[in-house]
Amino acid sequence: MSKTYHLTAPLSEADVVQLKAGDIVYLTGVVYTARDAAHKKLVDLLDAGQALPFDMKGAVIYFVGPTPPKPGDPIGSAGPTTSYRMDSYSPKLINEQGLKGMIGKGKRSQEVLDACVKSKAIYFGATGGAGALLARQIKKAEVIAYPELGPEAIRRLEVVDFPLTVINDTFGADLYKMGRAQYEVFS
């Protein structure tokens with residue numbers, strides 16, 4: 001039985017360990033955007049012993065490359081991108097920098113799932129194809145790093161009641177596998 005939570009980012013360990021795969025979360029607070037090119041730059045900074053452009057401890061990263069905003073809007077359409085492209089970078093950010101949440105679509109690698117269990121992090125799913133609706137929950141957006149990446153620059157977002165589903169929790173559960181298992185018994 002799934003539950004519904006209202007959480008504020010950045011997230012604490014207490015926030016994430018209460019969540020189970022299938023739970024619904026309405027997230028308010030600060031979320032950062034980063035796709036694969038930005039993730040590579042972040043990991044390259046860490047490998048070089050340099051500081052990151054934002055504090056990763058407790059942070060939530062949204063895998064999104066938003067469209068340009070219409071006049072008066074903080075952001076354009078902001079739907080999730082496929083998450084597996086960040087899988088080679090996410091474990092380092094989770095285990096070494098304290099990343100607590102990731103938002104995207106699609107399944108994650110076993111290495112990411114293991115990092116979520118080891119370091120208590122969550123992978124949230126956002127509804128693909130609903131970028132214009134999701135953008136309504138983004139109240140402010142500001143590029144904070146890598147403007148040369150255009151839509152893939154790192155942005156600091158302020159969100160209110162951003163709707164998410166817990167896909168992978170801190171106990172190793174995977175909503176995608178749970179859903180398949182539920183219906184495979186009938187085949």
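**Note on strand S2 and the nonpolar cores**

1. Strand S2 and strand S3 (residues 60-62) run parallel and are joined by two bridges; strands count as paired when DSSP finds at least two bridges between them. Thr33 has Tyr62 as its bridge partner in S3. Helices (H or I, at least four residues) and strands (E, at least two) are DSSP runs, numbered from the N terminus.

2. The model is predicted: local features need pLDDT of at least 70 and side-chain atom pairs pLDDT 80 or more, while totals for chains, interfaces and linings use all residues. Residues are numbered from 1 along each chain as its sequence is written, and side-chain values use heavy atoms, without hydrogens and water.

3. S2 also pairs with strand S1 (residues 4-9), in parallel, through six bridges; Leu7 is partnered by Leu27 in S2. With strand S7 (residues 154-168) the pairing of S2 is antiparallel, over eight bridges, and Tyr32 stands opposite Arg156.

4. S2 (residues 24-33) is largely enclosed by the rest of the structure, because seven of its ten residues are buried (under 20% relative accessible area, 1.4 Å probe, protein chains only).

5. The largest nonpolar core (buried Ala, Val, Leu, Ile, Met, Phe, Trp, Tyr and Cys residues joined through side-chain atoms within 4.5 Å) has 29 residues; Met56, Ile61, Ile94, Leu99, Met102 and Ile154 touch the most other members. Elements giving two or more residues to this core include S2, helix H2 (36-47) and S7. H2 supplies the largest share, five residues. Another core, of 26 residues, lies apart from it and includes Val25 and Val60.

Technical notes:
Buried means under 20% relative accessible area, exposed over 50%, partly exposed in between (1.4 Å probe, protein chains only).
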